[in-house]
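Reader: Thanks for sitting down with me. Could you walk me through how the terms apply here?

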Amino acid sequence: MKHHSIAALALAFTLATPVAFADQDTPSETAATAQTMVTAKVNGMVCDFCARAVTKVFGKEEAVDTVHVDLDRGEIHVTLKAGADLSDDRVGELVKKSGYDLVSVERETA
Amino acid sequence: MQRILFAGLALAIGGAISSPSAEARPVSYPGGWTVMQQNNGDFSSIHAHWSPTAKDSIGLYSERNWQTDWHFTGIQYNRLVKRWNTSNSQANLYLKTALGQADPFGDEAETEAAGFIGIGADWETRRWFVSYEGRAYDVGFSQDARQSARIGVAPYLGDYGDLHTWLMLEVQNRPEAETPTVVTPLVRFFYDVQLLEIGYTPETEEFLLNWIVRY
């Protein structure tokens with residue numbers, strides 16, 4: 001019985017530890033690790049070669065972590081590196097450089 | 001027929017070995033490489049190009065013309081003159097030109113300066129495809145012209161990265177050919193960076209085999 005109690009305490013401590021550390025993050029550290037997802041609505045993106053062009057052009061950008069293209073919605077989903085920024089103007093330039101037209105940009109920070 | 005298929009295969013293998021790249025449209029994204037290889041009853045060709053911008057590409061073009069027995073090799077430049085982007089379609093107008101040399105194979109004739117000019121246009125949605133291309137050649141000892149048009153439909157819509165399939169019908173007109181106008185049903189498979197087209201022309205009993213890869 002005593003062994004079971006010690007094991008339960010150890011398990012509880014182990015599970016609780018990451019939460020405790022997470023709670024210790026300062027606001028500035030949280031901001032530094034936050035990732036922003038940029039969704040760009042684009043005209044003219046109708047085929048895989050189009051999607052590949054967009055993926056290549058955005059993928060070369062320093063601030064970009066991952067790129068996903070949704071052909072059904074005509075959207076580019078770009079996840080930025082932690083703490084990085086990509087302005088709306090720069091998104092528009094990259095879309096134009098890929099050969100397409102930017103319609104709108106939305107952002108979400110996780 | 002055997003001669004054409006053999007040469008096409010040789011060109012395809014040569015293209016695959018000589019250059020690690022390819023495409024459907026003649027202009028790629030900035031820094032993109034493309035190899036386009038075509039074989040049909042009239043000619044076999046290979047075109048490898050690089051795009052410095054999304055509106056230009058430059059590269060090598062080589063064609064063996066089986067109808068008029070000449071071989072052309074030169075530098076080709078493609079220009080995207082205008083693109084129309086909408087929420088569900090894309091349309092393009094291209095100019096193409098090449099300068100190089102040509103020689104008639106099968107005899108001892110001299111090599112001559114040669115070239116061609118052409119236009120291309122296409123309109124595409126995720127379901128429908130329409131295109132037109134016209135070219136005029138001057139190979140010194142011979143002049144030639146040809147034009148072709150296509151219509152295609154995708155029987156299903158795939159996401160980015162899926163295998164895409166298109167059913168197409170191509171009409172090709174070449175006034176100097178034994179059969180000036182031919183119709184070729186073909187199927188296009190499009191996967192990742194590869195595009196493959198296989199067709200058959202009943203009038204001339206010739207196969208069509210096109211391959212494109214883009215990096």
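Author: Happily, starting with helix α3 (residues 48–59) of chain A, which lies across β2 and β3 of chain A and runs at about 165° to β2(A). This is a predicted model, where local features need pLDDT of at least 70 and side-chain atom pairs count only at pLDDT 80 or more, while totals for chains, interfaces and linings use all residues. Residues are numbered from 1 along each chain as its sequence is written, and chains are lettered from A and ligands numbered from 1 in the order in which they are written.

Reader: What makes a run a helix or a strand, and what does the angle refer to?

Author: Helices (H or I, at least four residues) and strands (E, at least two) are DSSP runs, numbered from the N terminus. Axes are lines fitted to C-alpha atoms, for helices over the stretch in contact (C-beta atoms, placed from the backbone, within 7 Å). Angles run from 0 to 180 degrees between N-to-C directions. Helix α4 (residues 88–98) of chain A lies across β1 and β4 of chain A, at about 135° to β4(A).

Reader: How do you know that β1 and β3 of chain A pair?

Author: Two strands pair if DSSP finds at least two bridges between them. β1 (residues 36–43) and β3 (residues 75–80) of chain A have five, in the antiparallel sense, with A:Met37 opposite A:Thr79 in β3(A). Likewise, six bridges join the antiparallel β2(A) and β3(A), and A:His68 has A:His77 as its bridge partner in β3(A).

Reader: What is the strand order in the open sheet, and why do β2 and β4 of chain A count as edges?

Author: The four strands of chain A follow the order β2-β3-β1-β4, with antiparallel pairing. β2 (64–70) and β4 (101–109) of chain A each have a single partner strand, so one side of each is left without a neighbour in the sheet. The twist averages 20° from one strand to the next.

Reader: Which side chains of β3(A) are called buried?

Author: A residue is buried if 20 or more other C-beta atoms, placed from the backbone, lie within 10 Å of its own (exposed: 12 or fewer; partly exposed: in between). A:Ile76, A:Val78 and A:Leu80 are buried and point to one face, whereas A:Glu75, A:His77 and A:Thr79 point to the other and are not buried.

Key
Contact = placed C-beta atoms within 7 Å.
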